[in-house]
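Subject: the structure you asked about

Hi,

Here is the model, to open in your viewer before you read on. My notes on what turned up are below it.

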Amino acid sequence: VPQLSSRPGAPFTIYINVAGFDYSGAWADPGDNGDPGVTLGLNDTQPTDTFNATEVDEIKNLWSRAAQSYYPFNVSVTTVDPAVAAGQAGSDADRLAYYDSLPNFMNTIVGSQLRDDGNGGLVKWFSDDADGVSQIAAVTGVAPGVGHHTNFMFTEEQQGSNATNGVANGDYIGAIISHENAHAFGLYHQGDWDNGTLVNEYSLGDDNGGPGSYVPIIGQASDRQRVTWRAGDTGGPNDTETFVNDVEALLATNVATNGRAGAADLHFATDTIGDDMGTATPLPLIGSDVDPSLAKGLIVPRSESAPEPIGFGNYTEGRFSFYTDGMDAVSLTLNNGTNFFDPTMADGVGTLRSFLEIYDENGDSIATGVEDSSTLFTTYMDTLAEGNYFAQVSSFGGHMQDAAAFNDAFYFDMGAYFLTGSGFDVQVPEPGTMALILLAMSLVAGRRLRS
Ligand SMILES: [Zn+2]
C-alpha cells in the first residue's frame, strides 16, 4: 500500500484501510445479512499481501480524491495504519480496539461487502443497494461502543458483481469515502427539494454534467464534474429543509458541542500565502519558472461560524508579488486542486473553482486570467512594462445548482490550488538598496557570532 498522508500531524485522521480487515463481532448498525466479517483487500478475491501497479494507481486516486475533499480542514487523510506505529497491530482485533481508543479518528475499510453465503453463493453483509455505511457523528471523542470508529466503503459495484471484473474506480470510491466520512463528521444527506417535498434523498446536483457541473459530497457524489461541499439545509434527522447540514455543522464537530473526552476542534486549515497586497508572498521561482511545489495555497470561507458560499469576497485569497524586466512575456497558470504526486499536475478535479486577477504595484487591476473551457485552470499571459505586480487568486465565488425542478442550492468554491508559469525575473537591487542589504547581512552575521 502506498504510504500517503495529506496533513501529517493534523488532529483529525481518516485512515483508508485497503489491505483487508477481519472485523470480529457485531458492528453498531447490523447489516441485512449479519456482521461485517472479513473484508478482503481492495480488488481481491483471495487474501493476498500485494497490489499490482494498476491497483496502486487506483489506491493513489481514491486517497487523493478523499484527501482533496478534506484538505480545507485540519484533517489528515492517510493510508498509513497508526496501529503499526503504536505497536497495536498484532491482530485485527488489537487494531480495532486501538482505533476505538483514539479520539478524532475514523478507520474506513475499503473493499467488497460480498461474503460466502455457505451455499456456494455470495451475499452482501450490509445491504443490496449501499455503496458504503457510516454511523453519524462518530469521528469525535473516544469511542463509546464497539467499532464506533470504523465505517465501510463497498467496492463491488465498481468491480463487477463478483468483485473479479476489473479494478476498482478510484475516483468514485474516493468520493464515497468522502461521503461516508461526512456522515462520521455529523452530516446527513443533502437532497433535492420541490417546495416542501423531498424528491431525491441524494441530490443529483446540476441537471447536466460536463465542465462546471456540481454535485454534493453528501448527495449522490458522482456523475458531475465537481463533487464538493454544498451549503444548506436539506436532510437531517427529521428531513426538514431548514436543518443546518453543511460545512457549518461539520465545523461544530468539537468539544464545545459534543462533550466527549479527547475531542479536538475541527477548523478550516490555513496556508502561508499572503492574503492582501501588504502581505503578498513573493512568487516562488526556480530560475524564471514558477516553483509549483511552493506556489500553492488554500481557499476557504472567511467565516467558520457562518460560512457563505456565494460571493468571492466571502473567501480567503492568495496574493503573490512578482517582477518582470519587461523583456519577455510572463505566463501564469492557476490550477485548481492539489498536486500531491506531480508538482506540475493536478490530482484529479479537486473541489475549488478559482479566479485569477493581475494588479499593478499601485493595486489597480490590469487584467484577469482566461479560464479554460474545462474550468480546471485559468491562464494569464502578456508582456508587461518593467515593474512589480501582484497575482491574486480568489474563489470563483460559489455555484448555484442548475436544476430547474428543485429549490435553489448553493455550492462552495473552496479548496487547494497551485501555480505554474514562466518568464519571471528577479529584481536586481539598486546600488542604494544593495548597501542596505549588505548592512543588514552584517548585522545578522554579528548577532550570530554573539549567540
Ligand atoms: Zn450516505
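H183 and H189 are both buried, and both of them hold the zinc ion. The third ligand is H179, and each of the three histidines coordinates the zinc through its NE2 atom, at 2.0 to 2.1 Å. If you want to find the donors in the sequence, look for the spacing H-x3-H-x5-H.

Before you go further: this is a predicted model, so a word on how far to trust it. The mean pLDDT of the protein is 88, with 87% of the residues at 70 or more. Two stretches fall below 50. One is residues 161-165, which still has 13 contacts in the model beyond near neighbours in sequence. The other is residues 442-451, where the pLDDT is also below 50 and the count of such contacts is zero. Where pLDDT is low, the predicted coordinates shouldn't be read in detail.

Now the overall picture. The protein has 451 residues, and 52% of them count as buried. Its secondary structure comes to eight helices and 27 strands. Take the contacts between residues with a separation of 6 or more: 72% of them join residues 24 or more positions apart.

Helix α3 is worth a look. This helix covers residues 92-101, and its buried residues are R95, L96, Y98, Y99 and D100. What lies over them? The cover includes the strands β1 (12-17), β2 (21-23), β5 (105-111) and β9 (150-154), along with the helix α2 (82-85). As a reminder for when you rotate the view, an α-helix has 3.6 residues a turn, so residues three or four places apart point the same way.

Two backbone oddities came up as well, both in loops:

- A221 isn't a glycine, yet its phi is positive, at about 60°. You'll find A221 in the loop between β12 (214-216) and β13 (226-228). Is A221 buried or exposed? With a relative accessibility of 1%, A221 counts as buried.
- T375 is another residue other than glycine with a positive phi, near 70°. T375 sits in the loop between β22 (370-371) and β23 (377-382). Its relative accessible area is 5%, so T375 is buried too.

Another loop residue to click on is E361, between β20 (354-360) and β21 (365-368). Which residues does E361 touch, leaving aside those up to four places away in sequence? They are M277, N388 and F390. M277 is 84 residues from E361 in sequence, but the two C-alpha atoms are 8.9 Å apart in space.

Last, the empty space inside. How many cavities of 30 Å³ or more are there? The count comes to one, and the largest cavity holds about 30 Å³ of space. Its lining is made up of Q68, Y71, G337, T338, G350, T351, G415 and A416. By residue class, that lining has six polar and two nonpolar members, and no charged ones.

If you have the viewer open, I'd start with the zinc ion and its donors H179, H183 and H189, then go on to A221 in its loop and T375 in its own.

Cheers

Terms used. Residues are numbered from 1 along each chain as its sequence is written. This is a predicted model: local features need pLDDT of at least 70, side-chain atom pairs count only at pLDDT 80 or more; totals for chains, interfaces and linings use all residues. Side-chain values use heavy atoms; hydrogens and water are left out. pLDDT is the predictor's confidence in each residue, from 0 to 100. Contact means heavy atoms within 4.5 Å. On a 1 Å grid over the protein atoms alone, a cavity is a set of points where a 1.4 Å probe fits but cannot get out, and a pocket is an open set with protein on both sides within 12 Å along at least five of seven lines; lining residues have an atom within 4 Å of a point. Grid points are joined across faces, edges and corners, and a volume is the space filled by probe spheres set on the points. Ala, Val, Leu, Ile, Met, Phe, Trp, Tyr, Cys and Pro count as nonpolar, Asp, Glu, Lys and Arg as charged, and the others, Gly among them, as polar. Donors are N, O and S atoms within 2.8 Å of the metal (3.2 Å for Na, K and Ca); water is not among the atoms, so sites may look incomplete. Buried means under 20% relative accessible area, exposed over 50%, partly exposed in between (1.4 Å probe, protein chains only). Helices (H or I, at least four residues) and strands (E, at least two) are DSSP runs, numbered from the N terminus.
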